[in-house]
Amino acid sequence: MDHGERAPRIGDVEFTDLFDLEPHGPDTYVGRVAFYPWGKRLFGGQVVAQALRAAIHTVDPERVAHSFHSYFIRPGSPNEPIRFEVERLRDGRSFTTRQVVARQSAGAILNASVSFQVPEEHEADVTLAALPSGLPDPTDTDLVDQSWGDLLDRRAVDLPDGRIGYWIRLLADLGDDPVLHLCGLTFMSDAAPHRAGRATHPEYTNDPSDRERFQGASLDHSLWFHRPTRADEWHWFDTRSHGLAGGRGLVTGDVLTMQGRHAATMAQQILLRRNRNVT
């Protein structure tokens, strides 16, 4: 894609094509972009998932990502590809560490660190997170449908104690490649935390006018991968806000399958400040 050329709409792109990164020299990869319904910015979930894919390219396939930490530096543009530069920080006996910088012509848009581990199947496996009692099934027609067309299926659920949850799955053919499912889970994890972070603001009404009265963005995004899962199946994202301070809000959440398998834990810090030009 040339600079200035409009990206295809996300609904017109094969999801797997987003993760078919093109090598551009040692440990450097270029990824496709897409135009999302809400405007000129890329979806952060796409950028973090592609950064994870770039890191995976440089690691022994036996080692699996167990944690991902990233900072959003500037908004990504849908008008040019993204260049992912991977640095091999360490290859230890049990753990491998990579750093990834995602760049466009304006500069770095994301900085990420990814840690990988060799399988340790003989260690303890303990789950504490659980599906809430009485949780509606994702196919319940009374749930609020907040899906993204033919790409992402999402159902919102408000819980009695103020938590906000989502049933989310990808509507894409990911086959049986565990790497694609890991990237898919990373992609959809950015579709869950914002509402919980905004909901605690005393002046936020969730009305369309809030888009003019408030400035919002994702500041950083982290994931801990506990167990393998399939991103094309329903996952329960149980998100909760930890309050607001200095224009920033922190949201954490557990990600569980319909069978109650704890697949991942996520955390995101968001920016939410009043637009000083709007009274």
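This report describes the nonpolar cores and the salt bridges of a predicted model.

The largest nonpolar core holds 62 residues, and the members that touch the most others are Phe15, Leu52, Phe68, Leu110, Leu152, Phe187 and Phe237. Helix α1, which spans residues 44–56, gives the most to this core, with eight residues. Apart from this core lies another, of nine residues, including Ala129, Leu143, Trp167 and Trp234. When neighbours within four places in sequence are left aside, Leu152 is in contact with Ser147, Ile168, Arg169, Leu170, Leu171, Phe187, Met188 and Ala191.

Turning to charged side chains, a search of the whole structure finds 14 salt bridges, and among them are the three in the table.

| Salt bridge | N to O distance | Elements |
|---|---|---|
| Asp153 and Arg169 | 3.1 Å | strand β8 and strand β9 |
| Asp158 and Arg195 | 3.1 Å | strand β8 and helix α3 |
| Asp254 and Arg240 | 3.8 Å | strand β12 and strand β11 |

Asp153 and Arg169 link distant parts of the chain, 16 residues apart, and both belong to a network of salt bridges that also includes Asp145 and Arg155. Asp153 counts as buried because its relative accessibility is 6%, whereas Arg169, at 25%, counts as partly exposed.

In the pair of Asp158 and Arg195, Asp158 is exposed, with a relative accessible area of 52%, while Arg195 counts as buried at 18% relative accessibility. Asp158 lies in strand β8 and Arg195 in helix α3, so this pair ties together parts that are 37 residues apart in sequence.

Asp254 is buried, with a relative accessible area of 19%, and its partner Arg240 is partly exposed, with 25%.

Methods: Residues numbered from 1 in each chain as written. Predicted model: local features only at pLDDT ≥ 70, side-chain atom pairs only at ≥ 80, totals over all residues. Heavy atoms only, no water. Core = buried A, V, L, I, M, F, W, Y, C linked by side-chain atoms within 4.5 Å. Buried < 20%, exposed > 50% of the residue type's maximum accessible area, 1.4 Å probe, protein only. Helix = DSSP H or I, 4+ residues; strand = E, 2+ residues; numbered from the N terminus. Contact = heavy atoms within 4.5 Å. Salt bridge = Lys/Arg side-chain N within 4 Å of Asp/Glu carboxyl O.
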